[in-house]
Amino acid sequence: MRIVMAGASGLLGTHMSETFRDAGHEVTALVRREPASSGEILWDPANGLLDPSALAGADAVVNLSGAGIGDRPWTRKRVDELLGSRIEPTRTLTQAMRQLDVPPATFISQSGANYYGDTGNTVLREDAPAGSGILSRICVEWESAAATAPAGVRVVTPRTGVVLSRSGGAMGRLLPLLRLGVGGPFGDGRQFWPWITLPDVSAAFLFLLESPVSGPVNLCAPEDADVNTIVEELARALHRPAIFRVPAPVLRLVMRNLAEELLLSSQRMEPAVLAAAGFRWQHPALAQAAQWVAGTEGAEALD
């Protein structure tokens, strides 16, 4: 397939591009600077500018655009940036598709687990309602923008959970602390984080490109876990203690509503659509995932 990707330079996009190419697909990246090769095409999503010919002949478009959720404090201006950095690129892509006689057959546009808001221990399948927080509103509008793709385009909106990686992303700040033995859970640690490893995110997107699945898809591992369990498994894989809990009042004082929605909220997601479609995880269990993150995967078998 020929795949056009927005957001190809980030953590997910870089790994995903390699996964797609390894599977034999051609990936063209949309960039906001002068293209450095024939595999890049200039666009300006903030101003809605993309030559529709960039998508002509493409089999699929993958949209990963969006400013980092936890990179800066949530001022009113920053919240507007978080929303705009997702909605504007998505609408630019669908607008370009609508100008083609034959648009790409598939549009996979990223969403997030925070679509559901804070739901405690409730098991969340794809038909669960949206929450009411800032992140929920962003995800709802993000998915609505993706739905403006032309009729006949298969639209998929993966609601991606916490991505476990060896560097960067959600683990970029926690892992160094755990390696030093000074990390620990956030709040009481009983909140559920829908986790998934970076290789499984890329594999799931590849699966969704090649399958007939459409609509929202919970992108997480089949084994759910609360924050206490996630941090405990990561620390065990790193052979370090994880005893320095960060109390919720401290998080709220330092990070305000960012802490409430990003670190302390609970989404007990179930990947019902992926499981029913036959997707197979490389790291379905948290212990396996933690070993992969720590770089010790397979070490026990060797011993």
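Q: What makes C139 count as buried in this predicted model?
A: Its relative accessibility is 5%. Buried means under 20%, so C139 counts as buried.

Q: How do you know that C139 is in no disulfide?
A: Start with the whole structure, where a search finds zero disulfides. For C139, the nearest cysteine sulfur is that of C220, and it is 14 Å away. A disulfide needs the two sulfur atoms within 2.5 Å, so at 14 Å the sulfur of C220 is too far for a bond.

Q: Is C220 buried or exposed, and what makes it so?
A: C220 has a relative accessible area of 1%. The cut-off for buried is under 20%, so C220 is buried.

Q: Why is the contact between Y115 and Y116 called edge-to-face?
A: Look at the two ring planes: they make an angle of 80 degrees. Over 60 degrees counts as edge-to-face, so that settles the name. The rings lie 5.2 Å apart, centre to centre, and a pair needs centres within 6.5 Å. Y115 and Y116 are both buried, and theirs is one of four aromatic pairs in the structure.

Q: What makes F207 and F279 an edge-to-face pair?
A: Here the ring centres are 5.4 Å apart, and the planes stand at 65 degrees. The angle has to be over 60, so this pair is edge-to-face too.

Q: How do you know that F207 and F279 link distant parts of the chain?
A: Check where each one sits. F207 is in helix 5 (residues 198-210), while F279 is in the loop between helix 9 (272-277) and helix 10 (286-294). That puts them 72 residues apart. Both F207 and F279 are buried, and together with W281 they form one aromatic cluster.

Q: Why is the contact between D224 and R268 called a salt bridge?
A: The N to O distance between their side chains is 2.9 Å. The limit is 4 Å, so D224 and R268 qualify.

Q: What parts does the pair of D224 and R268 tie together?
A: D224 lies in the loop between strand 11 (215-219) and helix 6, and R268 lies in strand 12 (residues 268-269), so the pair ties together parts that are 44 residues apart in sequence. As for the surface, D224 has a relative accessible area of 34% and R268 is at 23%. Partly exposed runs between the 20% and 50% cut-offs, so D224 is partly exposed and so is R268.

Q: How do you know that R137 forms a salt bridge with E141?
A: Their closest N and O atoms are 3.6 Å apart, and within 4 Å is what counts. R137 and E141 are four residues apart in helix 3 (residues 134-146), which means about one helical turn separates them. R137 counts as partly exposed at 38% relative accessibility, and E141 does at 30%. A search of the whole structure finds nine salt bridges.

Q: What makes E233 buried and R236 partly exposed?
A: E233 is at 19% relative accessibility, and under 20% means buried. R236 is at 45%, which falls between 20% and 50%, so R236 counts as partly exposed. The side chains of E233 and R236 meet in a salt bridge of 3.2 Å, N to O. Both lie in helix 6, three residues apart, or about one turn of the helix. E232 joins in as well: E232, E233 and R236 are linked in a network of salt bridges.

Q: What makes the phi of H239 worth pointing out?
A: Most residues other than glycine have a negative phi. H239 is not a glycine, yet its phi is positive, at about 60 degrees. H239 is found in the loop between helix 6 (227-238) and helix 7 (248-255).

Q: Why is H239 called exposed?
A: Its relative accessible area is 63%. Exposed means over 50%, so H239 is exposed.

Q: Why does V182 count as partly exposed?
A: V182 is at 40% relative accessibility, between the cut-offs of 20% and 50%, so partly exposed is the right label. V182 sits in the loop between helix 4 (171-179) and strand 10 (195-197). On the surface, V182 forms a nonpolar patch with L177, L180, I243 and F244, with about 520 Å² of accessible area together.

Terms used. Residues numbered from 1 in each chain as written. Predicted model: local features only at pLDDT ≥ 70, side-chain atom pairs only at ≥ 80, totals over all residues. Heavy atoms only, no water. Patch = residues over 30% accessible without salt bridge, like charges linked within 9 Å, V, L, I, M, F, W, Y side chains within 5 Å. Areas by Shrake-Rupley, 256 points an atom, 1.4 Å probe, with all protein chains shown as cover. Helix = DSSP H or I, 4+ residues; strand = E, 2+ residues; numbered from the N terminus. Buried < 20%, exposed > 50% of the residue type's maximum accessible area, 1.4 Å probe, protein only. Phe/Tyr/Trp six-rings, centres within 6.5 Å; stacked < 30°, edge-to-face > 60°.
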